[in-house]
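Hi,

Here is the model I promised to pass on. Have a look at it first, and then read my notes underneath.

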Amino acid sequence: MRGNIYIYIAIMSLVSFAVRALPLTLIRGQVGSRFIRSFLYYVPYVTLAVMTFPAIVEATQVPLAGALALAVGVVLAWRGAGLFPVAAACCLVVFFSELLPL
């Protein structure tokens, strides 16, 4: 990495500030569009999903075990199971599927 590190830090801080400050200065008041409101409503969920799903598959020794646990977790959550039963079921699926010789 060549160059002055302080220039990199200054650019990084300006970009971080702009990402936070521009919405506050450009959007004044209530957002009227239903599409934009629904888009902004789901942004945190999508961000969490994008960070979580790759980690689910890569955290296990066998990627197939993570994929199976993900499928079981989605089905249980879709049927209304709580966080603890879903997490426990996913852990059990990973544990037993990694015992199988594949």
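Why are Tyr41 and Tyr45 separated by about one helical turn? The two tyrosines are four residues apart in helix α2, and that puts about one helical turn between them. Bear in mind as you read on that this is a predicted model.

Let me stay with the rings for a moment. There are four aromatic pairs in the structure. Tyr41 and Tyr45 make one of them, with 5.9 Å from centre to centre and 55° between the planes, which puts the pair in the tilted class. Phe95 and Phe96 are another: their ring centres are 5.2 Å apart and their planes stand at 75°, over the 60 degrees needed, so this pair counts as edge-to-face. Tyr42 also comes into the picture, as it joins Tyr41 and Tyr45 in one aromatic cluster.

Now the rest of α2. Its N-terminal end is capped by Ser33, which has a side-chain oxygen 3.4 Å from the backbone nitrogen of Phe35. Further along, you'll find a kink of about 40° at Val43, shortly before the proline Pro44. What about the length? With 25 residues at 1.5 Å each, α2 should span 36 Å, and the C-alpha atoms at its ends are 37 Å apart, so the two values agree.

I went through α1 in the same way. Here the N-terminal cap is Asn4, with a side-chain oxygen 3.2 Å from the backbone nitrogen of Tyr6. The helix covers residues 5–26, and its 22 residues should span 32 Å; the end C-alpha atoms lie 31 Å apart, so that agrees too. There is a bend in α1 as well, of about 30° at Arg20, and Pro23 follows within four residues.

Last, the pockets. The largest pocket has a volume of about 270 Å³. It is lined by 14 residues, and those closest to its centre are Ile56, Ala69, Leu70, Gly73 and Cys90. Which helices supply at least two residues each of that lining? They are α2 (34–58), α3 (63–78) and α4 (83–99). The largest share is from α3, which gives six residues. As for chemistry, the lining has ten nonpolar residues, four polar ones and no charged ones.

If you open the model, I'd go to α2 before anything else: the kink at Val43 and the cluster of Tyr41, Tyr42 and Tyr45 can be viewed together there.

Cheers

Key:
Residues are numbered from 1 along each chain as its sequence is written. This is a predicted model: local features need pLDDT of at least 70, side-chain atom pairs count only at pLDDT 80 or more; totals for chains, interfaces and linings use all residues. Side-chain values use heavy atoms; hydrogens and water are left out. On a 1 Å grid over the protein atoms alone, a cavity is a set of points where a 1.4 Å probe fits but cannot get out, and a pocket is an open set with protein on both sides within 12 Å along at least five of seven lines; lining residues have an atom within 4 Å of a point. Grid points are joined across faces, edges and corners, and a volume is the space filled by probe spheres set on the points. Ala, Val, Leu, Ile, Met, Phe, Trp, Tyr, Cys and Pro count as nonpolar, Asp, Glu, Lys and Arg as charged, and the others, Gly among them, as polar. The expected span of a helix is 1.5 Å times one less than its number of residues. The bend at a residue is the angle between axes fitted to the seven residues ending there and the seven starting there. A polar contact is a pair of N or O atoms within 3.5 Å; within protein, one must be able to donate a hydrogen and the other to accept it, and residues adjacent in sequence count only if both atoms are side-chain atoms. Rings of Phe, Tyr and Trp (its six-membered ring) pair if their centres lie within 6.5 Å; planes under 30 degrees apart count as stacked, over 60 as edge-to-face and the rest as tilted.
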